[in-house]
Amino acid sequence: MGLRLLLIALFSALVSTQALAQGASVAFGTIAQDTSLPVEVSSDELSVDQETGTAIFTGNVVIGQGDMRLSAGRVLVVYRETADGIAKLEATGGVTLVSGNDAAESQRADYSIDEGTIVMRGNVLLAQGRSALSADTMTIRLRDGTARMSGNVRTRLQTGSNN
């Protein structure tokens, strides 16, 4: 009887892992992010192009909005054409995103302020406590604090057991 329960548990774990390989929905951060909060940026250098309505921050770029922090080597800021404010941010070069106890790393992150989404691409690694997930892409919906991972999704989940 004990062997049967063990086999059922292993089969369930295998099925769950295969489902994650197709795509996974996970929580990200501790709460939903208010995308209307001001965006604060610090960097080593700033270059502004009035014609294109862009600014490029380079070197030790750190962006903060509420409880969320994003760091990267380079961030392109695109301003709205018809209204004041930022339309989107494009971060490259060792991107790290932190919200609450969750942290994610990738090669690139595109933050659409109006849509309230961050799309992280390229070797995405999400750490949530002692558990970790990796994928090709992770799309975070800031309004409800959820994320969807897709492409080569792999996971390491801690069971909380000492066994």
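This is a walk through the fold, strand pairing, interior and a few single residues of one protein chain.

The model is predicted. The protein has 163 residues, of which 35% count as buried. Its secondary structure consists of one helix and eleven strands. Read along the sequence, the order is α-β-β-β-β-β-β-β-β-β-β-β. The helix therefore opens that pattern and the strands follow, with elements numbered from the N terminus.

Start with strand E4, residues 54-65. Strand E2, residues 40-42, runs antiparallel to E4 and is joined to E4 by three bridges. In that pairing, valine 41 stands opposite isoleucine 63 of E4. Strand E3, residues 45-49, also pairs with E4 in the antiparallel sense, over five bridges. Here valine 48 faces alanine 55 of E4. E3 and E4 form a hairpin, with four residues between them. Glycine 53 sits in that turn and has a positive phi of about 70°.

E4 also pairs with E5. The sense is antiparallel and the count is ten bridges. Glutamine 65 stands opposite methionine 68 in E5. E4 and E5 form a hairpin too, with two residues between the strands. In this hairpin glycine 66 takes a positive phi near 60°.

Move on to E5 and E6. These strands pair in the antiparallel sense over ten bridges. Valine 75 stands opposite alanine 91 in E6. E6 then pairs with strand E7, residues 102-112, in the antiparallel sense over ten bridges. The bridge partner of leucine 89 in E7 is tyrosine 111. E6 and E7 form a hairpin with two residues between them. Glycine 100 in the turn has a positive phi of about 60°.

Positive phi also turns up away from glycine. Most residues other than glycine have a negative phi. Asparagine 60 is not a glycine, yet has a positive phi of about 50°. Asparagine 60 lies within strand E4. Is asparagine 60 buried or exposed? Asparagine 60 counts as exposed, because its relative accessibility is 57% and the exposed class begins over 50%. Asparagine 152 is also not a glycine, and has a positive phi of about 55°. Asparagine 152 lies in a loop, between strand E10 (146-150) and strand E11 (154-156). At 55% relative accessibility, asparagine 152 counts as exposed.

Now look inside. The largest nonpolar core holds 30 residues. Which of them touch the most other members? They are Leu70, Val75, Ile118, Met120, Met138, Ile140 and Met149. Several strands supply this core: E4, E5, E6, E7, strand E8 (117-128), strand E9 (131-141) and E10 each give two or more residues. Val75 is thus a member that touches the most others, and valine 75 is also the residue opposite alanine 91 in the pairing described above.

The interior has gaps as well. Three cavities of 30 Å³ or more are counted. The largest cavity encloses about 50 Å³ of space. Its lining is made of Ile63, Gly64, Gln65, Met68, Arg69, Leu70, Leu89, Leu97 and Tyr111. E4, strand E5 (68-79) and strand E6 (86-99) are the elements that give two or more residues to this lining. By class, the lining residues divide into six nonpolar, two polar and one charged. The charged one is Arg69, because Arg falls in the charged class. Some of the bridge partners return here. Glutamine 65 and methionine 68 stand opposite each other, and Gln65 and Met68 are both in the lining. Leucine 89 and tyrosine 111 are bridge partners, and Leu89 and Tyr111 also line the largest cavity.

Two further residues complete the tour. Aspartate 102 lies in strand E7. Is aspartate 102 buried or exposed? Aspartate 102 counts as buried, because its relative accessibility is 9% and buried means under 20%. The side chains of aspartate 102 and glutamine 128 are joined by a polar contact of 3.2 Å. Leucine 125 is found in strand E8. At 38% relative accessibility, leucine 125 counts as partly exposed. Leucine 125 and glutamate 105 are 20 residues apart in sequence. In space, their C-alpha atoms are 5.2 Å apart.

Terms used: Residues numbered from 1 in each chain as written. Predicted model: local features only at pLDDT ≥ 70, side-chain atom pairs only at ≥ 80, totals over all residues. Heavy atoms only, no water. Buried < 20%, exposed > 50% of the residue type's maximum accessible area, 1.4 Å probe, protein only. 1 Å grid on protein atoms, 1.4 Å probe; cavity = no way out; pocket = protein on both sides within 12 Å on 5 of 7 lines; lining within 4 Å. Points joined across faces, edges and corners; volume = space filled by probe spheres on them. Pairing = 2+ DSSP bridges. Polar contact = N/O pair within 3.5 Å; in protein donor to acceptor, adjacent residues only side chain to side chain. Core = buried A, V, L, I, M, F, W, Y, C linked by side-chain atoms within 4.5 Å.
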